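Some labels given to residues rest on a cut-off. The turns below ask how such labels are reached.

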Amino acid sequence: MPQNNFASRKSKIAGIGMYVPPNVFTNLDLTKYMDTSDEWIQERTGIQERRYAHRTNETTTTMAVEAATIAIQRAGITPQEIDFIVFATLSPDYYFPGCGVLLQRAMKMKEIGALDVRNQCSGFVYALSVADQFIKTGMYKNILVVGSEKHSFGLDFTTRGRNISVIFGDGAGAVVLQSTEEDNQGILSTHLHSDGESAEILAMYNPGTHANHWMETPVADFNEGEMGDMFMSHAMIDHAQNFPNMDGPAVFKKAIVKFPEVIMEALQTNGLATADINMLIPHQANLRIAQFVQQKLQLRDDQVYNNIQHYGNTTAASVPIALCEAWEKGLIRDGDLVCLAAFGSGFTWASALLRW
Ligand code: COA
(Lines give C-alpha, C1' and ligand atoms only; values in the text may rest on other atoms or scores of the structure.)
Protein backbone atom coordinates (compact mmCIF):
# COMPACT_ATOMS: atom_id res chain seq x y z
CA MET A 1 0.00 0.00 0.00
CA PRO A 2 1.46 3.40 -0.91
CA GLN A 3 1.74 5.78 2.00
CA ASN A 4 0.91 9.45 1.83
CA ASN A 5 3.35 10.67 4.43
CA PHE A 6 6.46 10.74 2.23
CA ALA A 7 6.88 14.50 2.64
CA SER A 8 6.62 16.72 5.69
CA ARG A 9 4.85 19.41 3.64
CA LYS A 10 1.05 19.14 3.80
CA SER A 11 -1.71 20.70 1.74
CA LYS A 12 -4.77 22.49 3.06
CA ILE A 13 -8.04 23.73 1.61
CA ALA A 14 -7.50 27.49 1.57
CA GLY A 15 -10.77 28.39 -0.14
CA ILE A 16 -13.97 26.64 -1.12
CA GLY A 17 -16.94 27.53 -3.33
CA MET A 18 -20.03 26.01 -4.86
CA TYR A 19 -22.60 26.82 -7.50
CA VAL A 20 -25.97 25.27 -8.27
CA PRO A 21 -28.23 26.56 -11.04
CA PRO A 22 -31.30 28.50 -9.85
CA ASN A 23 -33.68 26.22 -11.78
CA VAL A 24 -35.26 23.81 -9.24
CA PHE A 25 -36.76 20.62 -10.71
CA THR A 26 -38.97 18.71 -8.27
CA ASN A 27 -39.98 15.06 -8.33
CA LEU A 28 -43.43 16.24 -9.35
CA ASP A 29 -41.91 18.03 -12.36
CA LEU A 30 -40.39 14.70 -13.46
CA THR A 31 -43.79 13.00 -13.46
CA LYS A 32 -44.69 15.13 -16.50
CA TYR A 33 -42.11 13.22 -18.54
CA MET A 34 -42.07 9.67 -17.15
CA ASP A 35 -44.03 7.17 -15.10
CA THR A 36 -42.64 7.91 -11.64
CA SER A 37 -43.80 9.47 -8.38
CA ASP A 38 -42.52 11.72 -5.62
CA GLU A 39 -43.16 8.87 -3.18
CA TRP A 40 -41.07 6.32 -5.15
CA ILE A 41 -38.15 8.70 -5.60
CA GLN A 42 -38.08 9.88 -1.97
CA GLU A 43 -38.47 6.40 -0.56
CA ARG A 44 -35.69 4.86 -2.69
CA THR A 45 -33.24 7.76 -2.90
CA GLY A 46 -34.21 10.50 -0.42
CA ILE A 47 -34.23 13.04 -3.26
CA GLN A 48 -36.94 15.74 -3.21
CA GLU A 49 -35.59 18.06 -5.91
CA ARG A 50 -32.52 18.79 -7.99
CA ARG A 51 -31.18 21.71 -10.01
CA TYR A 52 -30.95 21.74 -13.79
CA ALA A 53 -28.63 24.07 -15.63
CA HIS A 54 -29.97 26.44 -18.25
CA ARG A 55 -30.15 24.44 -21.50
CA THR A 56 -28.02 26.81 -23.53
CA ASN A 57 -26.47 29.46 -21.28
CA GLU A 58 -24.92 27.18 -18.65
CA THR A 59 -22.33 24.48 -19.21
CA THR A 60 -20.16 22.32 -16.99
CA THR A 61 -17.41 24.92 -17.42
CA THR A 62 -19.53 28.01 -16.72
CA MET A 63 -20.79 26.43 -13.48
CA ALA A 64 -17.20 25.55 -12.57
CA VAL A 65 -16.21 29.20 -13.12
CA GLU A 66 -18.87 30.32 -10.62
CA ALA A 67 -17.68 27.88 -7.95
CA ALA A 68 -13.99 28.51 -8.64
CA THR A 69 -14.41 32.30 -8.46
CA ILE A 70 -15.74 31.98 -4.90
CA ALA A 71 -13.06 29.46 -3.88
CA ILE A 72 -10.26 31.65 -5.24
CA GLN A 73 -11.68 34.76 -3.56
CA ARG A 74 -11.96 32.95 -0.23
CA ALA A 75 -8.35 31.77 -0.57
CA GLY A 76 -7.39 35.47 -0.83
CA ILE A 77 -5.69 35.11 -4.21
CA THR A 78 -6.48 35.92 -7.85
CA PRO A 79 -7.09 33.53 -10.78
CA GLN A 80 -3.66 34.54 -12.13
CA GLU A 81 -2.02 33.03 -9.05
CA ILE A 82 -3.43 29.55 -9.69
CA ASP A 83 -0.63 27.35 -11.01
CA PHE A 84 -2.45 24.13 -11.82
CA ILE A 85 -6.02 22.98 -12.50
CA VAL A 86 -7.43 19.53 -11.81
CA PHE A 87 -10.96 19.26 -13.21
CA ALA A 88 -13.20 16.27 -12.50
CA THR A 89 -16.30 15.67 -14.60
CA LEU A 90 -18.13 13.00 -16.58
CA SER A 91 -20.21 15.55 -18.47
CA PRO A 92 -17.64 17.76 -20.22
CA ASP A 93 -18.60 20.60 -22.56
CA TYR A 94 -16.83 18.77 -25.41
CA TYR A 95 -15.80 15.15 -25.97
CA PHE A 96 -12.35 16.77 -26.19
CA PRO A 97 -10.59 18.96 -25.16
CA GLY A 98 -11.43 18.64 -21.47
CA CYS A 99 -12.99 21.28 -19.27
CA GLY A 100 -9.68 22.16 -17.58
CA VAL A 101 -8.49 24.22 -20.53
CA LEU A 102 -11.92 25.81 -20.96
CA LEU A 103 -11.78 26.91 -17.32
CA GLN A 104 -8.23 28.24 -17.80
CA ARG A 105 -9.49 30.30 -20.76
CA ALA A 106 -12.68 31.50 -19.11
CA MET A 107 -10.85 32.66 -15.96
CA LYS A 108 -7.99 34.25 -17.94
CA MET A 109 -5.41 32.24 -16.03
CA LYS A 110 -1.74 31.97 -16.97
CA GLU A 111 -0.61 29.19 -19.36
CA ILE A 112 -0.70 26.68 -16.53
CA GLY A 113 -1.22 22.93 -16.65
CA ALA A 114 -4.82 21.72 -16.78
CA LEU A 115 -5.62 18.10 -16.04
CA ASP A 116 -9.00 16.44 -16.51
CA VAL A 117 -9.98 13.55 -14.25
CA ARG A 118 -12.59 11.04 -15.43
CA ASN A 119 -13.47 9.11 -12.32
CA GLN A 120 -17.16 9.91 -12.17
CA CYS A 121 -18.52 9.93 -8.60
CA SER A 122 -15.03 9.50 -7.13
CA GLY A 123 -13.71 12.20 -9.44
CA PHE A 124 -13.35 14.98 -6.90
CA VAL A 125 -11.58 12.87 -4.27
CA TYR A 126 -9.24 11.50 -6.97
CA ALA A 127 -8.60 15.07 -8.19
CA LEU A 128 -7.93 16.26 -4.64
CA SER A 129 -5.46 13.42 -4.14
CA VAL A 130 -3.60 14.33 -7.35
CA ALA A 131 -3.40 17.98 -6.29
CA ASP A 132 -2.28 16.98 -2.80
CA GLN A 133 0.74 15.14 -4.24
CA PHE A 134 1.78 18.19 -6.31
CA ILE A 135 1.59 20.44 -3.23
CA LYS A 136 3.53 17.96 -1.07
CA THR A 137 6.36 17.72 -3.56
CA GLY A 138 6.53 21.50 -3.73
CA MET A 139 5.84 21.59 -7.46
CA TYR A 140 2.85 23.94 -7.23
CA LYS A 141 1.65 26.54 -4.68
CA ASN A 142 -2.01 27.15 -5.57
CA ILE A 143 -4.00 24.36 -7.19
CA LEU A 144 -7.61 24.71 -8.24
CA VAL A 145 -9.53 21.45 -7.85
CA VAL A 146 -12.99 21.37 -9.41
CA GLY A 147 -15.89 18.97 -9.73
CA SER A 148 -18.69 20.07 -12.06
CA GLU A 149 -21.51 18.29 -13.87
CA LYS A 150 -24.30 19.13 -16.27
CA HIS A 151 -26.20 15.85 -16.24
CA SER A 152 -29.49 17.28 -17.42
CA PHE A 153 -28.24 17.56 -21.00
CA GLY A 154 -27.86 13.81 -21.43
CA LEU A 155 -30.42 11.87 -19.44
CA ASP A 156 -33.24 9.75 -20.81
CA PHE A 157 -36.31 11.67 -19.65
CA THR A 158 -38.72 8.89 -20.59
CA THR A 159 -40.03 5.98 -18.51
CA ARG A 160 -37.28 3.83 -20.09
CA GLY A 161 -34.59 5.89 -18.31
CA ARG A 162 -36.40 6.60 -15.05
CA ASN A 163 -34.16 4.47 -12.79
CA ILE A 164 -31.25 6.79 -13.67
CA SER A 165 -32.68 10.15 -14.67
CA VAL A 166 -34.48 10.80 -11.36
CA ILE A 167 -31.20 10.51 -9.44
CA PHE A 168 -28.91 13.04 -11.11
CA GLY A 169 -28.64 16.82 -10.84
CA ASP A 170 -26.36 19.64 -11.99
CA GLY A 171 -23.89 21.79 -10.06
CA ALA A 172 -20.25 22.57 -9.30
CA GLY A 173 -17.86 22.77 -6.38
CA ALA A 174 -14.26 23.94 -6.18
CA VAL A 175 -11.40 24.25 -3.71
CA VAL A 176 -8.02 25.97 -3.74
CA LEU A 177 -5.29 23.79 -2.31
CA GLN A 178 -2.20 25.41 -0.78
CA SER A 179 0.66 24.17 1.37
CA THR A 180 0.53 24.57 5.13
CA GLU A 181 3.14 24.48 7.86
CA GLU A 182 0.51 24.04 10.59
CA ASP A 183 0.67 20.72 12.46
CA ASN A 184 -3.04 20.61 13.16
CA GLN A 185 -4.28 21.41 9.65
CA GLY A 186 -4.45 19.96 6.17
CA ILE A 187 -4.88 16.70 4.28
CA LEU A 188 -3.65 13.77 6.38
CA SER A 189 -4.00 11.08 3.72
CA THR A 190 -5.88 10.07 0.59
CA HIS A 191 -6.83 6.55 -0.54
CA LEU A 192 -7.72 5.56 -4.09
CA HIS A 193 -9.15 2.26 -5.36
CA SER A 194 -10.66 0.66 -8.43
CA ASP A 195 -12.12 -2.63 -9.62
CA GLY A 196 -12.94 -2.69 -13.33
CA GLU A 197 -14.62 -6.10 -13.18
CA SER A 198 -18.07 -4.49 -13.26
CA ALA A 199 -17.18 -1.47 -15.41
CA GLU A 200 -20.24 -1.84 -17.66
CA ILE A 201 -22.92 -1.90 -14.96
CA LEU A 202 -22.70 1.84 -14.37
CA ALA A 203 -21.49 3.28 -17.63
CA MET A 204 -22.19 5.33 -20.69
CA TYR A 205 -20.81 3.33 -23.61
CA ASN A 206 -20.96 5.94 -26.33
CA PRO A 207 -19.32 7.74 -27.95
CA GLY A 208 -16.55 5.17 -27.62
CA THR A 209 -14.26 2.83 -29.53
CA HIS A 210 -15.71 -0.45 -28.25
CA ALA A 211 -17.48 -2.78 -30.67
CA ASN A 212 -21.26 -2.66 -30.53
CA HIS A 213 -23.11 -5.94 -30.74
CA TRP A 214 -25.69 -4.69 -33.26
CA MET A 215 -22.93 -3.59 -35.64
CA GLU A 216 -22.25 -6.82 -37.37
CA THR A 217 -21.41 -5.34 -40.74
CA PRO A 218 -17.80 -6.25 -41.62
CA VAL A 219 -15.76 -3.07 -42.07
CA ALA A 220 -14.90 -4.19 -45.63
CA ASP A 221 -18.60 -3.94 -46.56
CA PHE A 222 -19.02 -0.38 -45.34
CA ASN A 223 -20.12 2.14 -47.90
CA GLU A 224 -18.34 5.44 -48.24
CA GLY A 225 -19.14 7.67 -45.28
CA GLU A 226 -20.21 4.83 -42.96
CA MET A 227 -16.89 4.33 -41.16
CA GLY A 228 -17.54 7.08 -38.64
CA ASP A 229 -20.70 5.27 -37.58
CA MET A 230 -18.52 3.07 -35.35
CA PHE A 231 -18.21 6.09 -33.07
CA MET A 232 -21.79 7.41 -32.93
CA SER A 233 -24.44 6.03 -35.21
CA HIS A 234 -28.18 6.13 -35.80
CA ALA A 235 -28.25 2.52 -34.55
CA MET A 236 -26.85 3.60 -31.20
CA ILE A 237 -29.52 6.25 -30.83
CA ASP A 238 -32.20 3.76 -31.93
CA HIS A 239 -31.02 1.41 -29.15
CA ALA A 240 -30.93 4.28 -26.60
CA GLN A 241 -27.18 3.75 -26.32
CA ASN A 242 -26.58 7.48 -26.11
CA PHE A 243 -27.68 7.41 -22.45
CA PRO A 244 -26.03 6.09 -19.27
CA ASN A 245 -26.76 2.53 -18.11
CA MET A 246 -27.01 1.44 -14.49
CA ASP A 247 -27.81 -1.72 -12.60
CA GLY A 248 -28.97 0.14 -9.49
CA PRO A 249 -29.22 -2.77 -7.05
CA ALA A 250 -25.70 -4.02 -8.00
CA VAL A 251 -24.26 -0.54 -7.46
CA PHE A 252 -26.03 -0.28 -4.11
CA LYS A 253 -24.64 -3.63 -2.89
CA LYS A 254 -21.05 -2.76 -3.74
CA ALA A 255 -21.28 0.83 -2.47
CA ILE A 256 -22.36 -0.15 1.04
CA VAL A 257 -19.28 -2.37 1.37
CA LYS A 258 -16.68 -0.07 -0.18
CA PHE A 259 -17.75 3.19 1.51
CA PRO A 260 -17.15 1.91 5.08
CA GLU A 261 -13.99 0.09 3.97
CA VAL A 262 -12.31 3.16 2.50
CA ILE A 263 -13.36 5.37 5.43
CA MET A 264 -11.88 2.87 7.90
CA GLU A 265 -8.71 2.67 5.79
CA ALA A 266 -8.26 6.44 6.13
CA LEU A 267 -8.86 6.37 9.88
CA GLN A 268 -6.58 3.39 10.52
CA THR A 269 -3.77 4.91 8.44
CA ASN A 270 -3.80 7.86 10.83
CA GLY A 271 -4.37 5.92 14.05
CA LEU A 272 -7.87 7.36 14.45
CA ALA A 273 -11.35 5.94 15.07
CA THR A 274 -14.87 6.72 13.85
CA ALA A 275 -15.53 8.58 17.12
CA ASP A 276 -12.80 11.07 16.10
CA ILE A 277 -14.66 12.13 12.94
CA ASN A 278 -16.27 15.55 13.29
CA MET A 279 -17.80 15.47 9.83
CA LEU A 280 -18.14 12.76 7.21
CA ILE A 281 -18.98 14.07 3.76
CA PRO A 282 -20.06 11.05 1.74
CA HIS A 283 -20.56 11.36 -1.99
CA GLN A 284 -24.28 12.01 -2.39
CA ALA A 285 -25.16 8.88 -4.37
CA ASN A 286 -28.36 7.95 -2.57
CA LEU A 287 -29.51 8.92 0.92
CA ARG A 288 -30.15 5.23 1.70
CA ILE A 289 -26.49 4.42 0.97
CA ALA A 290 -25.30 7.27 3.22
CA GLN A 291 -27.66 6.17 6.01
CA PHE A 292 -26.45 2.58 5.73
CA VAL A 293 -22.82 3.74 6.00
CA GLN A 294 -23.66 5.96 8.99
CA GLN A 295 -25.34 3.05 10.76
CA LYS A 296 -22.53 0.61 9.96
CA LEU A 297 -19.91 3.02 11.33
CA GLN A 298 -22.16 3.99 14.25
CA LEU A 299 -21.89 7.68 13.52
CA ARG A 300 -24.23 10.25 15.07
CA ASP A 301 -26.39 12.44 12.82
CA ASP A 302 -24.18 15.46 13.56
CA GLN A 303 -21.13 13.56 12.23
CA VAL A 304 -22.54 13.13 8.70
CA TYR A 305 -23.67 15.76 6.18
CA ASN A 306 -26.18 14.99 3.44
CA ASN A 307 -27.83 17.36 0.97
CA ILE A 308 -28.90 14.97 -1.79
CA GLN A 309 -32.50 15.82 -0.82
CA HIS A 310 -32.10 19.17 -2.60
CA TYR A 311 -29.48 18.59 -5.29
CA GLY A 312 -29.73 14.92 -6.29
CA ASN A 313 -26.52 13.12 -7.19
CA THR A 314 -24.18 15.64 -8.80
CA THR A 315 -21.42 13.05 -9.31
CA ALA A 316 -17.98 14.75 -9.25
CA ALA A 317 -19.52 17.92 -7.81
CA SER A 318 -21.33 16.30 -4.90
CA VAL A 319 -18.46 16.11 -2.39
CA PRO A 320 -17.26 19.73 -2.83
CA ILE A 321 -20.87 21.02 -2.85
CA ALA A 322 -21.69 19.17 0.38
CA LEU A 323 -18.37 20.18 1.97
CA CYS A 324 -18.90 23.82 1.03
CA GLU A 325 -22.48 23.89 2.27
CA ALA A 326 -21.58 22.20 5.58
CA TRP A 327 -18.75 24.71 6.10
CA GLU A 328 -20.95 27.69 5.17
CA LYS A 329 -23.52 26.52 7.74
CA GLY A 330 -20.82 26.55 10.41
CA LEU A 331 -20.91 22.77 10.80
CA ILE A 332 -17.17 22.46 10.13
CA ARG A 333 -14.77 24.45 12.33
CA ASP A 334 -11.01 24.95 12.45
CA GLY A 335 -9.24 21.82 13.64
CA ASP A 336 -12.19 19.50 12.87
CA LEU A 337 -11.44 16.06 11.48
CA VAL A 338 -13.25 15.82 8.14
CA CYS A 339 -13.54 12.67 6.07
CA LEU A 340 -14.48 12.78 2.39
CA ALA A 341 -15.53 9.49 0.81
CA ALA A 342 -16.84 8.50 -2.59
CA PHE A 343 -17.88 5.49 -4.62
CA GLY A 344 -19.09 5.21 -8.18
CA SER A 345 -18.78 4.03 -11.75
CA GLY A 346 -15.70 2.00 -12.57
CA PHE A 347 -16.06 0.89 -9.91
CA THR A 348 -13.80 3.44 -8.26
CA TRP A 349 -13.84 4.52 -4.66
CA ALA A 350 -11.73 6.87 -2.59
CA SER A 351 -11.38 8.76 0.67
CA ALA A 352 -9.50 11.75 2.05
CA LEU A 353 -8.99 12.57 5.70
CA LEU A 354 -8.21 16.15 6.64
CA ARG A 355 -7.95 18.58 9.51
CA TRP A 356 -9.89 21.73 8.64
N1 COA B 1 -40.06 5.55 -10.60
C2 COA B 1 -40.91 4.52 -10.39
N3 COA B 1 -40.52 3.24 -10.52
C4 COA B 1 -39.25 2.99 -10.86
C5 COA B 1 -38.32 4.03 -11.08
C6 COA B 1 -38.77 5.35 -10.94
N7 COA B 1 -37.96 6.41 -11.11
N8 COA B 1 -37.14 3.47 -11.41
C9 COA B 1 -37.30 2.14 -11.39
N10 COA B 1 -38.58 1.83 -11.08
C11 COA B 1 -39.19 0.54 -10.92
C12 COA B 1 -38.49 -0.55 -11.69
O13 COA B 1 -38.92 -0.57 -13.04
C14 COA B 1 -38.90 -1.78 -10.93
O15 COA B 1 -40.20 -2.14 -11.33
P16 COA B 1 -40.65 -3.69 -11.41
O17 COA B 1 -40.50 -4.21 -10.01
O18 COA B 1 -42.03 -3.59 -11.88
O19 COA B 1 -39.69 -4.30 -12.39
C20 COA B 1 -38.98 -1.30 -9.49
O21 COA B 1 -39.09 0.14 -9.56
C22 COA B 1 -37.80 -1.68 -8.64
O23 COA B 1 -36.62 -1.40 -9.37
P24 COA B 1 -35.18 -1.56 -8.73
O25 COA B 1 -34.17 -1.08 -9.69
O26 COA B 1 -35.04 -2.95 -8.17
O27 COA B 1 -35.31 -0.55 -7.50
P28 COA B 1 -34.36 -0.30 -6.30
O29 COA B 1 -35.13 -0.44 -5.06
O30 COA B 1 -33.08 -1.01 -6.42
O31 COA B 1 -34.06 1.26 -6.47
C32 COA B 1 -32.29 2.66 -7.25
C33 COA B 1 -33.42 1.73 -7.63
C34 COA B 1 -31.61 3.10 -8.54
C35 COA B 1 -32.88 3.88 -6.55
C36 COA B 1 -31.32 1.94 -6.31
O37 COA B 1 -31.00 0.67 -6.82
C38 COA B 1 -30.08 2.70 -6.08
O39 COA B 1 -30.09 3.81 -5.59
N40 COA B 1 -28.92 2.12 -6.40
C41 COA B 1 -27.66 2.80 -6.28
C42 COA B 1 -27.55 3.71 -7.43
C43 COA B 1 -26.53 4.78 -7.22
O44 COA B 1 -26.23 5.15 -6.13
N45 COA B 1 -26.05 5.27 -8.34
C46 COA B 1 -25.10 6.28 -8.32
C47 COA B 1 -23.79 5.66 -8.13
S48 COA B 1 -22.65 6.73 -7.56
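The questions and answers that follow concern a predicted model.

Q: Why is Leu 297 counted as buried?
A: The relative accessibility of Leu 297 is 7%. Buried means under 20%, so Leu 297 counts as buried.

Q: Where does Leu 297 lie, and which residues does Leu 297 touch beyond four places away in sequence?
A: Leu 297 sits in the loop that runs between helix H9 (287–296) and helix H10 (308–311). Leaving out residues up to four places away in sequence, Leu 297 touches Pro 260, Ile 263, Met 264 and Thr 274.

Q: Why is the pair Glu 325 and Lys 329 not called a salt bridge?
A: Lys 329 is the nearest side chain of opposite charge to Glu 325, and is 4.1 Å away. A salt bridge needs the nitrogen within 4 Å of a carboxyl oxygen, so buried Glu 325 has no salt bridge.

Q: What makes the pair Glu 325 and Tyr 311 a polar contact?
A: The side chains of Glu 325, in helix H11 (residues 318–328), and Tyr 311 are joined at 2.5 Å. The cut-off for a pair of N or O atoms is within 3.5 Å, so the 2.5 Å pair counts as a polar contact.

Q: Which residues touch the most other members of the largest nonpolar core, and why is this core said to lie between two domains?
A: Of its 41 residues, Ile 143, Leu 177, Ile 281, Leu 323 and Leu 340 touch the most other members. Helix H5 (residues 123–136) gives the largest share, seven residues. Both domain 1 (10–180) and domain 2 (186–200 + 245–355) contribute residues, so the core lies between them.

Methods:
Residues are numbered from 1 along each chain as its sequence is written. This is a predicted model: local features need pLDDT of at least 70, side-chain atom pairs count only at pLDDT 80 or more; totals for chains, interfaces and linings use all residues. Side-chain values use heavy atoms; hydrogens and water are left out. Helices (H or I, at least four residues) and strands (E, at least two) are DSSP runs, numbered from the N terminus. Buried means under 20% relative accessible area, exposed over 50%, partly exposed in between (1.4 Å probe, protein chains only). Contact means heavy atoms within 4.5 Å. Lys and Arg count as positive and Asp and Glu as negative; His and the chain ends are not counted. A polar contact is a pair of N or O atoms within 3.5 Å; within protein, one must be able to donate a hydrogen and the other to accept it, and residues adjacent in sequence count only if both atoms are side-chain atoms. A nonpolar core is a set of buried Ala, Val, Leu, Ile, Met, Phe, Trp, Tyr and Cys residues joined through side-chain atoms within 4.5 Å. Domain bounds come from an automatic or database domain assignment.
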